[in-house]
Amino acid sequence: MKDLELIRSKKAFIIDMDGVIYHGNELLKGVRDFVNWMEENNKAFLFLTNSSERSPLELSQKLARLGIEIDPNHFYTSALATASFLATQSPGGSVYVIGEPGLINALYDYGFTMNNVSPDYVVVGEGRGYNLETLERAVKLVEGGARLIGTNPDVSGPIEGGVIVPACGALVSPIELATGKKAYFVGKPNPLIMRHGLHRLNSQREETAIIGDRMDTDIQAGVESEIETVLVLSGVTRPEDISRFPYQPKHVLEGVFEIPDTLRP
């Protein structure tokens, strides 16, 4: 289920981060070689993450701490996609946010104000500030007419050591259950964020591949956007999980270390 020459022939790559590039603060095998290979072969690439916690600058700095220097322009997040989407729906609107600075600052940059009384939207991302008080307020606001937005539908994600922790989809679920209202998720697999990615890469879908570790976000996003799909088994998906899904990846790799045609020592 892999054709390395076909993968290598692509002009552009959309690459997930958690489970593909790192686990928490642990860089995964062969990532430096993969980045060097893309740069040496003039590939266009965009690290597109469903995480909403950090800004592109912070993600760039994180990789720098792990020993890889990449310009912030190579990063795009579900926080930016969410803010961009809401700006098309309700320019200059207001939001109640459960999330980290990466999400809050993206919304500020797109002209939104914070409102914990009568917001247009309740926006939920990953965040350490999620607690019973914020959950109760979110439920009250959604019941009062605020529309519910999730930055991404991921229910879990890996951190250091491969430990799995709750992610945005799991945090939104109690609000949905309590209110009977379904959230709209902007991140993968929503084709909207994929179109943003292709636009930033200045690439056509036929010449692009998406590399990710999740069947239900990365691979589904590629299938729905008709982009070549590459599943890596370095994150949350195990080989036995693949057959449970009605769609399949075009390629299955152990990790991105398989892609470069030459590995450095």
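What follows is a friendly set of questions and answers about a predicted model.

User: How are residues numbered here, and what pLDDT do local features need?
Analyst: Numbering starts from 1 along each chain as its sequence is written, and side-chain values use heavy atoms, leaving out hydrogens and water. Since this is a predicted model, totals for chains, interfaces and linings use all residues, side-chain atom pairs count only at pLDDT 80 or more, and local features need pLDDT of at least 70.

User: Which residues of helix 2 are buried?
Analyst: Helices here are DSSP runs of H or I with at least four residues, strands are DSSP runs of E with at least two, and both are numbered from the N terminus. Buried means under 20% relative accessible area, exposed means over 50%, and partly exposed lies in between (1.4 Å probe, protein chains only). Helix 2 spans residues 31-40, and its buried residues are Val31, Asp33, Phe34, Val35, Trp37 and Met38.

User: What covers the buried residues of helix 2?
Analyst: Contact means heavy atoms within 4.5 Å. The cover includes helix 1 (4-9) and four strands. Those strands are strand 1 (12-15), strand 3 (26-27), strand 4 (44-49) and strand 13 (208-212).

User: Is Asn42 buried or exposed?
Analyst: Asn42 follows helix 2 and has a positive phi, near 55°. Its place is the loop between helix 2 and strand 4. Because its relative accessibility is 70%, Asn42 counts as exposed.

User: How far apart in space are Asn42 and Pro174, C-alpha to C-alpha?
Analyst: Along the sequence, Asn42 and Pro174 are 132 residues apart. In space, C-alpha to C-alpha, their separation is 45 Å.

User: Why is strand 4 described as largely enclosed by the rest of the structure?
Analyst: Strand 4 runs parallel to strand 1, joined by 4 bridges, and Ile15 has Phe47 of strand 4 as its bridge partner. Two strands pair if DSSP finds at least two bridges between them; strand 4 also pairs in the parallel sense with strand 5 (residues 75-77) over 3 bridges, where Leu48 has Tyr76 as its partner. Strand 4 is largely enclosed because the number of its 6 residues that are buried is 5.

User: Which strands stand at the edges of the open sheet with the order 7-6-8-9-12?
Analyst: This open sheet has 5 strands with parallel pairing. Each edge strand has a single partner strand, so one side of each is left without a neighbour in the sheet. The edge strands are strand 7 (113-114) and strand 12 (184-185).

User: Which residue of strand 12 stands opposite Ile149?
Analyst: Strand 9 (residues 147-150) and strand 12 run parallel and are joined by 2 bridges. Opposite Ile149 in strand 12 stands Tyr184.

User: Is Ser94 buried or exposed?
Analyst: Ser94 sits in strand 6 (residues 94-98). Not counting residues up to four places away in sequence, Ser94 touches several residues, including Phe112, Thr113 and Tyr121. Because its relative accessible area is 9%, Ser94 is buried.

User: Which residue forms a salt bridge with Lys2?
Analyst: A salt bridge is a side-chain nitrogen of Lys or Arg within 4 Å of a carboxyl oxygen of Asp or Glu, and the count by this rule is 9. For Lys2, the closest N and O atoms of the pair are 2.5 Å apart. Lys2 lies in the segment before helix 1, and its partner, 256 residues apart, lies in the segment after strand 15 (251-253). That partner is Glu258.

User: What separates Arg8 and Glu5 in helix 1?
Analyst: Arg8 and Glu5 form a salt bridge, with their closest N and O atoms 2.7 Å apart. Arg8 is buried at 15% relative accessible area, whereas Glu5 is exposed at 53%. Because they are 3 residues apart in helix 1, the separation is about one helical turn.

User: Which residues are linked with Asp16 in a network of salt bridges?
Analyst: This network contains Asp16 and two other residues. Those linked with Asp16 are Lys188 and Asp218.
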